[in-house]
Amino acid sequence: MTVIKIGLIGAGWMGRAHAAAFENATRIFGAEPATLKIVAVADVNEAAAKGFAERFGVERHTSDWKSIVNDPEIDVIDITTPNDAHPEIALAAIAAGKHVYCEKPMANTAAEARAMHEAAKEAGVVTLVGFNYLCSPIQAYARQLIENGDLGEIFHFRGTFDNDYMVDESFPFTWRTDAAAAGKAGALGDMASHVLSLAHYLVGEVTEVSGARQILHAKRRDEKGAERTVENDDLAHFICRFKNGASGYLEASRIGTGRKLYLSYEIQGTKGALFFDQERMNELNLYRQTDDPAERGYKRVLVAPQHPDYAAFFGLQGNPLGYNDLKIIEARRLIESVVSGKSWVADFEFGYTVDRVVEAVLVSADEGRWVKTEEIA
């Protein structure tokens, strides 16, 4: 049995989600062609690293991530830190010949993301970005429908990601509202990047944008009670054009009152349409223009064994998958990529194209004009 050895950097909740996915990937999909094992964990908070190591049975913990990157026994560096640390760790890992699994967004600037992509391409290492919503069996089915021509020519994409966790002004200032850690793009970088990942996965690359941003509560208090200025957007929205000629409207908000995980899209084509809502993640609504006019309307399709990866979990249609199951499938993509030496769809090049659109929206909002993504980085 081949064991892919992981060095995990970042012992927070996302690190725990990755660790659980690594363990369960073998239980769900089996031990072939390889299994994943975390052999070392690093975190700036050594107590957090120690607690993580004890909980998941990891052999070694440290506050020095460089010692893990330079460990010759480790195959993959898994990065689950705040955004600002991603580039330095990833570039060091690539220089050490490691494969890299990095949470989204890849970086706080398109230039950093491009450097990561080009370094990985030059080194020939496998990369994977944590756009876990792409790993849903229902999204693989949606992609198949589009590629097979069931929807005809795609001419419009409308996508949103709304959550209301910051609508309350008493919600504290955190690293996510700090531009140094999270970047200038708040909801735009953190949440719209997921919408963009779906848009790029299903429709194609965005090439031009015109956008705007909004901050609801300009001041928030940090954990010590000090008043701080919010340094990035609570809400962002933009219209766009795709490489294939389709138009689009994308929006993301961390102040979307009443919404919890409303990551949704509608895709319209000449022969049909799709509607999806992550709050009902095991369903896809499919409309066919070719149906009898007396019966036209959206049909609810429940996730089923005929959809990629679902049968590994359940043999019957309609049993619901959850967020952590998407991470299990993502772990499976990591295994397949490392063993084959070929990155999956959501590699560093894919992540760079997403970050480039995010930065184009920033420029558009600042300068009040349409911005082509080719202008960025």
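Okay, let's start with a term: a cavity here is a set of grid points where a 1.4 Å probe fits but cannot get out, and its lining residues have an atom within 4 Å of a point. Keep that in your heads, and keep in mind too that this is a predicted model.

So, cavities. The structure holds two of 30 Å³ or more. I'll take the second largest cavity to begin with. Its volume is about 50 Å³, and what lines it? The lining is made up of Asn 83, Tyr 165, Trp 175, Arg 176, Ala 182, Ala 185, Gly 186, Asp 190 and Arg 254. Sorted by class, that gives four nonpolar, two polar and three charged residues.

Now the largest cavity. This one comes out at about 110 Å³. There are 14 residues in its lining, and nearest the centre you find Ala 107, Asn 108, Ala 185, Gly 189 and Val 358. You may recognise Ala 185, since that residue was also on the list for the second largest cavity. Which helix gives the most to this lining? That's helix 11, residues 348–367, with four residues. By class we have seven nonpolar, five polar and two charged residues around the largest cavity.

On to the pockets, the open ones. The largest pocket has a volume of about 890 Å³. It takes 34 residues to line it, and Trp 13, Met 14, Trp 175, Arg 176 and Asp 190 are the ones nearest its centre. Look at Trp 175, Arg 176 and Asp 190 on your screen: these three also line the second largest cavity. As for the make-up of the largest pocket's lining, there are 19 nonpolar residues, 10 polar and five charged.

The second largest pocket holds about 180 Å³ of space. Its lining is Phe 173, Thr 174, Trp 175, Asp 178, Asp 222 and Glu 223. So Trp 175 turns up here, as well as near the centre of the largest pocket's lining list. How many of the second largest pocket's lining residues are charged? Three are, alongside two nonpolar and one polar.

Next, how some of the helices sit against each other. Helix 1, residues 13–29, is a good place to look, and I have two partners for it. With helix 10, residues 323–340, helix 1 packs at an angle of about 70°, the axes being 7 Å apart. Angles of 65 to 115 degrees count as roughly perpendicular, so that's the word for helix 1 and helix 10. Their crossing is right-handed.

The other partner is helix 2, residues 46–56, where the angle with helix 1 is about 20° and the axes lie 12 Å apart. Anything under 35 degrees counts as roughly parallel, and therefore helix 1 and helix 2 get that label. This crossing is right-handed as well.

Then there's our friend helix 11 again, this time with helix 9, residues 192–202. Their axes come within 10 Å and cross at roughly 120°. That makes helix 9 oblique to helix 11. The handedness? Helix 9 passes helix 11 in a right-handed crossing.

Let me finish with a few backbone oddities. A bit of background: most residues other than glycine have a negative phi, and most peptide bonds are trans. Where are the cis bonds, then? One joins Glu 32 and Pro 33, with omega about 5°. Pro 33 lies in the loop that runs between helix 1 and strand 2, residues 35–42. Another cis bond goes from Lys 104 to Pro 105, with omega near -15°. For Pro 105, look in the loop between strand 5, residues 99–102, and helix 5, residues 110–123.

And the positive phi? Asp 309 has one, of about 80°, although it is not a glycine. You'll find Asp 309 in the loop between strand 16, residues 299–302, and helix 10. Is Asp 309 buried or exposed? Its relative accessible area is 22%, so Asp 309 is partly exposed.

One last stop: Lys 219, in strand 9, residues 219–221. With a relative accessible area of 44%, Lys 219 is partly exposed too. Lys 219 and Thr 229 are 10 residues apart along the chain, and their C-alpha atoms are separated by 4.7 Å. That's my tour, thanks for listening.

Note on methods:
Residues numbered from 1 in each chain as written. Predicted model: local features only at pLDDT ≥ 70, side-chain atom pairs only at ≥ 80, totals over all residues. Heavy atoms only, no water. 1 Å grid on protein atoms, 1.4 Å probe; cavity = no way out; pocket = protein on both sides within 12 Å on 5 of 7 lines; lining within 4 Å. Points joined across faces, edges and corners; volume = space filled by probe spheres on them. Nonpolar A, V, L, I, M, F, W, Y, C, P; charged D, E, K, R; others polar. Helix = DSSP H or I, 4+ residues; strand = E, 2+ residues; numbered from the N terminus. Buried < 20%, exposed > 50% of the residue type's maximum accessible area, 1.4 Å probe, protein only. Axes fitted to C-alpha atoms, helices over the stretch in contact; angles between N-to-C directions. Parallel < 35°, antiparallel > 145°, perpendicular 65-115°, else oblique. Left-handed = near helix turned anticlockwise from the far one by under 90°.
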